[in-house]
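Q: Please take a close look at one part of this protein, its largest nonpolar core. Which residues and elements build it?

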Amino acid sequence: MKNPQKKEALAEEATRNSELADYSANPRIALSVPGDCSGQRLDQVLARLLSQHSRSRLQNWIREGRVTVSGECVVEPRQKLWAGESIEVAEVPDERAESSAPEDIPLQVVYEDDCLIVLNKPVGLVVHPGNGNWSGTLLNALLHYAPQLDKVPRAGIVHRLDKDTSGLMVVAKTLEAQTDLVRQLQARSVKRCYQALVRGIVERAGSVDAPIGRHPTLRTSMAVVRTGKPARTHYRVLEPFLACTLIECALETGRTHQIRVHMTSIGHPLVGDPTYGSGASRVPRLVEFPRQALHACRLSLTHPGTGKAMLWRSGLPDDMAALIDSVRLEAVTARAGECVSDEELADDWDDDDWDDDDDGPEVIIVDGDGDCEDDDEELGEQ
């Protein structure tokens, strides 16, 4: 902060707030500054000693007055520490997990171990409690399925899918696993792949590299805006039909509604999308599809505990599979009985282009016929 007076005023205000707060009931962690950390910042030392927490969370705790150094409350994350100084941290449970009640909502768990839960989210399930959806969410379901998740921020959720998007999600069962997965997401080493049915004929593979932010007038929607955050989506053609195309998308970033916004920006809104595409997202001559035709079909990451590369696949949900069968039948009929060869429908893009794991991940196939091809901040809903 360039203004020293403003900085001093903020520090004084934080100190006053910490004096009013009573953290005596919170669990306290006693630490000592190691010799090789002498001269480092308080937040850096805590990030090393409490690696199960993110640095941003630790910085917030410091500013809230939850950290003392040699018995004195410190509210400046940049304060230098010296070897042997004592630190006490008053941990705080995650408020959103505390305020959410466990609910017996069925979950389709496709993989689970001591670190992770991988599940197939159905259409219609909201991920986080929020305005208009204070119950009946994935978070509520997770707290019932694994009660120990009440000790993990956001019940272990590290990324999201929109209410009407189906497919694979990963949930961390421990603080350590959650922090590791968040770091993988920030490093863009978690690979997420989606299948989408879009309007129009997409002729070839491509990428959309365009920043995404809040729509300037429709504040509940996102848009490609100059001041938005960087966003990149790669896509390839799986199967063209008469008036729409089945594509596969891989995310390099994870902005809210990224695929929906990016495909709309190049003239190919998702079929059924109620928000984007200016009402042009319906399939002609067919029954209207009531949601965006988008499914998270593949997920790959490095296991936080073992360091092993892992990959999961999920077949299309029944409603989207039926929709694709309908447009495929329509296309075949319109071609007056012409047969489309397997070679014409085959994917000519080498899957290895999106696979950075040369050692070969452990492939775990979820239910379905495996329609997806092998392998593909802050994560937003899709």
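A: What follows covers the model's confidence, then the core, then a helix that contributes to it.

This is a predicted model: local features need pLDDT of at least 70, side-chain atom pairs count only at pLDDT 80 or more, and totals for chains, interfaces and linings use all residues. Residues are numbered from 1 along each chain as its sequence is written, and side-chain values use heavy atoms, with hydrogens and water left out.

pLDDT (the predictor's confidence in each residue, from 0 to 100) averages 83, and 76% of the residues score at least 70. Over residues 16-20 it is below 50.

The largest nonpolar core (buried Ala, Val, Leu, Ile, Met, Phe, Trp, Tyr and Cys residues joined through side-chain atoms within 4.5 Å) has 31 residues. Leu138, Leu142, Leu149, Ile247 and Ile259 touch the most other members. Elements giving two or more residues include strand S6 (116-121), helix H5 (138-145), strand S13 (244-251) and helix H7 (258-265). Helices (H or I, at least four residues) and strands (E, at least two) are DSSP runs, numbered from the N terminus. H5 supplies the largest share, four residues. Another core, of 18 residues, lies apart; Leu31 and Val45 are among them.

Beyond neighbours within four places in sequence, Ile259 is in contact (heavy atoms within 4.5 Å) with residues including Tyr194, Cys249 and Leu294.

His262 also sits in H7. His262 counts as buried (under 20% relative accessible area; exposed is over 50%, partly exposed in between; 1.4 Å probe, protein chains only) because its relative accessibility is 0%. Among its contacts, with the same neighbours left aside, are Val208, Ile212 and Arg232.
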